[in-house]
Amino acid sequence: MKRLVNNVSFCLCAAVCAILFGGCNDNDDYDIYLLIGQSNCAGRGYFLPEDTLNVLEGVWLLNAELVPEPAVAPLNRYSNIRKDISMQLIGPGVGFGPAIYQKTGHKVLLVQNARGGSALESWQVGGDNLVSYLDSALVRAVPALQYGKLKGIVWHQGETDITNGTAGDIYVERFSKMVAALRNGLGVGDEVPVVVGEVGQWAWEDSTKIEAFNHGTLDRLTREVPNCRKVTSDGLNYRMPDNPGDPHFSRDAAIELGKRYAEAMLK
């Protein structure tokens with residue numbers, strides 16, 4: 001009962017904050033995007049020496065004080081649910097943010113809040129955690145709305161659910177509930193798009209399971225969840241050439257995946 005009350009109270013608070021920061025906000029300084037999911041969203045592609053020095057053109061990152069700062073990798077550094085900082089490397093946001101800016105000319109504010117290894121179950125309101133990962137993302141995303149308008153949500157996750165055997169019907173049901181809760185907590189409707197991405201297509205797991213998720217489960221999401229699109233992982237490679245059992249995208253693959261997210265988002 002305490003857990004239920006806690007989550008209900010949190011969601012009510014989030015809804016009120018969304019109205020205060022978002023619904024009545026005429027600030028168009030930034031186009032805001034929420035990036036959530038597990039490790040391939042957080043970023044696991046290995047750095048080049050310049051990656052932690054180069055500021056992403058036209059892109060800002062919401063920091064730990066909930067203030068925009070010029071975006072520099074790793075972009076998941078301020079996630080309130082992340083694993084150790086040493087594990088936060090290059091993810092799709094590095095390709096996504098600049099691609100959006102180059103197409104729109106609008107300043108981009110990324111709110112990144114991913115958690116490596118997290119199953120979709122952990123992103124449900126009232127899940128196993130007293131405060132779920134979804135709630136934790138809203139803690140950061142809702143205050144960001146004072147700086148501009150939410151333009152979209154990027155979700156990259158699925159590897160854990162494929163391994164756990166929860167990547168079919170139950171995934172579709174949980175994802176639908178999560179997106180509805182996110183939109184509600186952020187005070188937006190179906191006009192805000194959600195873009196999802198295929199997991200890596202190499203043999204890090206049973207290839208039939210990967211195929212079923214990428215071309216079965218994710219395709220269902222695009223049909224059953226309003227304003228939802230999918231991007232392909234065709235041709236994207238893994239980060240360790242001698243270890244195809246690693247489910248993580250390489251640096252270049254993660255950046256390319258981000259560009260594909262941007263293209264789908266802008267459609």
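Which residue in β7 is the bridge partner of Gly197? In this predicted model, the bridge partner of Gly197 is Val231 of β7. A second pairing between these strands links Val196 with Lys230 in β7. Strand β6 spans residues 194-197 and strand β7 spans residues 228-231; the two run parallel and are joined by four bridges. The connection between them passes through helix α7 (residues 207-224), and β6, α7 and β7 together form a right-handed β-α-β unit.

Strand β6 also pairs with strand β5 (residues 148-156), again in parallel orientation, through three bridges. Within this pairing, Val154 has Val195 of β6 as its bridge partner. In a regular strand, side chains alternate between the two faces of the sheet. In β6, Val194 and Val196 point one way, whereas Val195 and Gly197 point the other way. Residues on both sides of β6 are buried: Val194, Val195, Val196 and Gly197.

The largest nonpolar core of the model comprises 74 residues. Those with the most contacts inside this core are Phe96, Trp123, Phe175 and Leu186. Helix α8 (residues 251-266) supplies the largest share of the core, with eight residues.

The surroundings of Phe96 were examined further. Not counting residues up to four places away in sequence, Phe96 touches Tyr33, Leu35, Leu110 and Val154, among others. Val154 is also the residue whose bridge partner in β6 is Val195. The remaining contacts of Phe96, under the same exclusion of residues up to four places away, are Gly258, Lys259, Tyr261, Ala262 and Met265.

Terms used
Residues numbered from 1 in each chain as written. Predicted model: local features only at pLDDT ≥ 70, side-chain atom pairs only at ≥ 80, totals over all residues. Heavy atoms only, no water. Core = buried A, V, L, I, M, F, W, Y, C linked by side-chain atoms within 4.5 Å. Buried < 20%, exposed > 50% of the residue type's maximum accessible area, 1.4 Å probe, protein only. Contact = heavy atoms within 4.5 Å. Pairing = 2+ DSSP bridges. Right-handed = clockwise from strand over helix to strand, strands pointing away.
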